Amino acid sequence: MKTRPERWTTPGAARADEARAGLLLRRAVVRQPLDARALDDVRERLREAPRPASRRLVLRFGVALALFLAGGGVVASATLLGHWSPFSRPAAPQPAPVSPTAHHRVAVVPPVPAAPAVTPPAAPPIAAPTVAAPAAPARPPRARAVETAPEEPAAPVVNPPAAAPSAIAEEAALLAAALRGLRESGDAAGALALLDEHDRRFGVTGPLAAEARTTRVEALLRLSRFTQALVLLDTLDPRPTGRGRALLATRGELRADARRCPEAVADFDALLADASASDDTAERALYGRAACRSRLGDAEAARADLDAYLARFPAGRYAARARTALER
Amino acid sequence: MPTLRADQTPADDVVAEAPSLDGLYRAHAATVARWAAHLGGPRVDVEDAVHEVFLVVGRQLPEFRGDAKVTTWLYRITERVVRGARRRDRLHRWLDRVRRADVERSLSPARPSPVEELERRQSRETVYAVLDRIAEKYRRVLVLFELEELSGEQIAALTGTKLATVWVHLHRARALFLSELAQLDRNTGGPR
């Protein structure tokens, strides 16, 4: 471009469409978005901010711990199953050392309803108890299993015994790779591809299926694929405790966004049932419920929620909006 | 520690000797706020964006060697923060819609706004509705040229691109802006 273009925001454009664009852009200019007081407020917040480096350390430690626990669970399962035990008999026709029923309980752990939340990045990526905890009580000690083995019916084992532990390890590794890509590199598309592979290989009932689903929700949210995230969240049953609260809050917001206000209010109600909770999810729930109630025509209840919001979160993220709404 | 160069701005001068977080904040917070407002539009909380930018600055300050101008460094952090804020805000956008469409209307009798303020708000919303449909690299140049009123050279320095690229992107951004604006008008039944 040889000549420098004139700004549209400078009045006097020849073409009508450019003149209109210029007018719109002129009106969109913000000379001073924050006044001196607001800038001082931010400076105060900066002084109060925690040191972020420690958060990264906690995150790394959490990931390492989760992987360690998951790996430990796999080893424990394998040992208890007897596949790696020096006492297991090599002869093929020997009956399986544990009952098929017990084996089945390890191979197909039902989805855990209280799935980990998607938002707190410092959360351990893999809930080790899903692998390790059910395995331990499902198995008698190895010695006892050998003793009772002759009393067991010599039914054929459906799942190949040697494949189960490695399958769990592979599943855990695949899920860990998806989480690592998602949380450390922000590669949501790559994480989804890994989760698709997970579902192809391990189905939706594997030991880590619940973690896979919540990871998928997190990836979909990062890609702004809210409709798909909501479809998946609708199949989950997050509890209003622990890390399930973030899932519940997100589902409430997405339901409200989809104009499913009664269901959204139910999610927000569940979060607000614990009146002492004053975390981020309680804040979102209170303001979200106000918005939903307003949309449902219950202005009085909406106003009550906004009053409660300001009482509990006077400097909250929606405080200015709540005040504006109440003033009007 | 960065040294003052000929192409540094007076604001850079304030922090050239001692690039402390506080010094950077005093010198650049207002500029960062304006960048955030223009890059992000009405849906980005400028105060939060400024806070986040300077949290990043505080974290990265020990590694800042002065290879780039302070303003360039800050701009790039601001751009990243605003992009993240816009992504996050899409999840919470319904609250704005609810606020505008329902909460304000249903909780109280409408308070008439001054016409100018109303026009300004509507224009801003229209501009960012159009900008949201334009690819980031074009949107950025258009915002810096028209709203920040920077020269091509300043845009090239801030974004780390060649001057010729800036002009090409601006040309393309303008064509896209007009076409998306026309499309928006058709969808909404006329100019807003």
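**Confidence, helices and cores of a predicted two-chain model**

In chain A, confidence, expressed as pLDDT (the predictor's confidence in each residue, from 0 to 100), is lowest in helix H4 (residues 100–107), at a mean of 33, and highest in helix H12 (residues 261–272), at 91. Over residues 84–163 of chain A the pLDDT is below 50, although this stretch has 108 contacts in the model beyond near neighbours in sequence, a contact being defined by heavy atoms within 4.5 Å. The mean pLDDT of chain A is 70, and 65% of its residues reach 70 or more. The structure is a predicted model, in which local features need pLDDT of at least 70 and side-chain atom pairs count only at pLDDT 80 or more, while totals for chains, interfaces and linings use all residues. Side-chain values use heavy atoms, with hydrogens and water left out, residues are numbered from 1 along each chain as its sequence is written, and chains are lettered from A and ligands numbered from 1 in the order in which they are written.

For chain B the mean pLDDT is 78, with 73% of the residues at 70 or more. Confidence in this chain is lowest in helix H1 (residues 10–16), at a mean of 40, and highest in helix H6 (residues 136–147), at 93. Two stretches of chain B stay under a pLDDT of 50: residues 1–18, for which the model has 31 contacts beyond four places in sequence, and residues 98–114, for which it has 28 such contacts. The model as a whole scores ipTM 0.74 and pTM 0.43.

The secondary structure of chain B comes to eight helices and zero strands, where helices (H or I, at least four residues) and strands (E, at least two) are DSSP runs numbered from the N terminus. Buried residues (under 20% relative accessible area, as against exposed at over 50% and partly exposed in between, with a 1.4 Å probe and protein chains only) make up 52% of the 192 residues in chain B. Among contacts in this chain between residues at least 6 apart in sequence, 69% join residues at least 24 apart.

Helix H6 of chain B has twelve residues and reaches 15 Å from its first C-alpha to its last, close to the 16 Å expected at 1.5 Å a residue, the expected span being 1.5 Å times one less than the number of residues. Ten of the twelve residues are buried, so H6(B) is largely enclosed by the rest of the structure; the buried set includes B:Arg139, B:Arg140 and B:Glu146 alongside B:Leu142 and B:Phe145. Just after H6(B), B:Glu149 takes a positive phi of about 55°.

B:Arg174 lies in helix H8 (residues 163–188) of chain B and, at 12% relative accessibility, counts as buried. Apart from its neighbours within four places in sequence, B:Arg174 is in contact with A:Pro5, A:Glu6, A:Arg7 and A:Trp8 of chain A, and with B:Leu142, B:Phe145 and B:Glu146 of chain B.

The largest nonpolar core (a set of buried Ala, Val, Leu, Ile, Met, Phe, Trp, Tyr and Cys residues joined through side-chain atoms within 4.5 Å) has 64 residues, and those with the most contacts inside it are B:Val50, B:Phe54 and B:Phe177. Leaving aside neighbours within four places in sequence, B:Val50 is in contact with A:Leu34, A:Val42, B:Tyr25, B:Val32 and B:Ala33. A second, separate core of 25 residues includes A:Cys261, A:Leu272, A:Tyr309 and A:Tyr318.
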